[in-house]
Amino acid sequence: MGTAKEFEGAGGGGSSKEPTRTSDTLLSQDYVEVLLGLCEGPIKGLVSYDPVNNPGTLENFFVGDTALQQPNGGDVDFSDFLVTIFKGYDTDPEVDFQMGGQSANLSVNTSLAKNVAVTRQTPTAQRGSIDRLEVRLVFNRLVTANNDGTFEATASFQIAYKPTASATWLYFNGETTSTIHGKTTSGVVKEFIIEVPRIDDDDYDIRVTKYSADSVTGNEEVIVDMTFESVQMINAGKRKFADTALAHIFGKATKQFSSIPDFAGVYDGKIVMVPDNYNPELRTYDETTPWLGGMKLAYTNNPAWVL
């Protein structure tokens, strides 16, 4: 009578290797910068719950529906966030833009296919005011997948620009091909900054071409999913806005916002002329001495003097 044999790998004797799933290595660091024009200045400023002990706090400035700061100078509810209120005096300093200058957005939001160029032109209204172009590309997915797991991949593309009237294209960093290497499965935004001379009588063309294949299937699959999101047109340098009350907002958006929120504040508004014997806080007049027609500057919410 024969003896039964067990063959390894034919029913439970073998073992399989677990695939490796590496972490994303491409991460966004997005910031938001907004300049809000509030009204003609000067104004008193943001309302404070305790104007004597905690003036100038941000408890009545809101990011979405959330106060930026807890009452009476408490904790700040958002990290890496700065709000500066310019009250609209002639002596107010210039606005120092943290992201390089005043910007205008040219939205594109076009998915990129291999070797298909996507070109946009800056608006005529921006002539003479562009010092910098910021090309924003979104890498929706960049990953290599095979039997061993998921790993980094490389995206190849070209960013070109030129004055519209010119026949000669120029390239980001002088390179006809740019690359990004890494891994993202949740999407990452990358900005490519191009310094340009101001042109008073022409516009700029910006062209983005993806060179990588959308996917390559063989022993492995390489996914390069890209979107040409937008172009920011930057007017560099500090700016002064005479006699205008402003709120300048700068903060980290990554991991705090899924989209740009609404910004709002509760303000004690414009400073106006009131009688010099009038107490605007109590809304009373000093009747111990006659009013001789003198006036003073003060904030009041009395509609009789807000003319």
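**Sheets, a surface patch and aromatic pairs**

Three strands build an open sheet, arranged in the order β3-β20-β23 with antiparallel pairing. The edge positions belong to β3 (43-46) and β23, and each has a single partner strand, so one side of each is left without a neighbour in the sheet. Neighbouring strands here are turned by 20 degrees against each other on average, direction ignored. The model described is a predicted one.

Within this sheet, strand β20 covers residues 267-275. Strand β20 pairs with β23 in the antiparallel sense, and five bridges join the two. One position in this pairing can be named. Pro 275 stands opposite Met 295, a residue of β23.

Strand β23 runs over residues 295-299 and contains Leu 297. Leu 297 has a relative accessible area of 61%, above the 50% cut-off, and is therefore exposed. Leu 297 also belongs to a nonpolar surface patch. The other members of the patch are Met 273, Trp 291 and Met 295. The area of the patch is about 420 Å². Met 295 thus appears twice: opposite Pro 275 in the strand pairing, and in the nonpolar patch.

A further open sheet consists of three strands in the order β2-β18-β6, and its pairing is antiparallel. At the edges stand β2 (31-40) and β6 (81-86). Each of these has a single partner strand, so one side of each is left without a neighbour in the sheet. The average turn between neighbouring strands of this sheet is 10 degrees, direction ignored.

Strand β18 spans residues 244-252. The antiparallel pairing of β2 with β18 extends over nine bridges. Gly 37 stands opposite Leu 246, which lies in β18.

Aromatic side chains were examined next. A pair of aromatic rings is described by the distance of the centres and the angle of the planes. The structure holds six aromatic pairs. One of them joins Phe 78 and Phe 81. The ring centres of Phe 78 and Phe 81 are 6.0 Å apart, and the planes form an angle of 40 degrees. This pair is tilted. Phe 78 has a relative accessibility of 13% and counts as buried, because the cut-off is under 20%. Phe 81 is likewise buried, at 13%.

Phe 157 and Phe 192 form another aromatic pair, and this one is edge-to-face. The distance is 5.5 Å centre to centre, with 70 degrees between the planes. Phe 157 sits in strand β11 (residues 153-163), whereas Phe 192 sits in strand β14 (residues 188-195). The pair therefore ties together parts that are 35 residues apart in sequence. Both rings belong to buried residues: Phe 157 has a relative accessibility of 0%, and Phe 192 has one of 7%. Phe 157 and Phe 192 are also part of a cluster, in which ring pairs link them with Phe 139 and Phe 172.

The chain beyond β11 was also considered. Ala 165 is found in the loop between β11 and β12 (170-171). With a relative accessible area of 69%, Ala 165 is exposed. Phe 157 of β11, by contrast, is buried. Ala 165 and Asp 201 are 36 residues apart along the chain. Their C-alpha atoms are separated by 9.8 Å.

Conventions. Residues numbered from 1 in each chain as written. Predicted model: local features only at pLDDT ≥ 70, side-chain atom pairs only at ≥ 80, totals over all residues. Heavy atoms only, no water. Pairing = 2+ DSSP bridges. Helix = DSSP H or I, 4+ residues; strand = E, 2+ residues; numbered from the N terminus. Axes fitted to C-alpha atoms, helices over the stretch in contact; angles between N-to-C directions. Patch = residues over 30% accessible without salt bridge, like charges linked within 9 Å, V, L, I, M, F, W, Y side chains within 5 Å. Areas by Shrake-Rupley, 256 points an atom, 1.4 Å probe, with all protein chains shown as cover. Salt bridge = Lys/Arg side-chain N within 4 Å of Asp/Glu carboxyl O. Buried < 20%, exposed > 50% of the residue type's maximum accessible area, 1.4 Å probe, protein only. Phe/Tyr/Trp six-rings, centres within 6.5 Å; stacked < 30°, edge-to-face > 60°.
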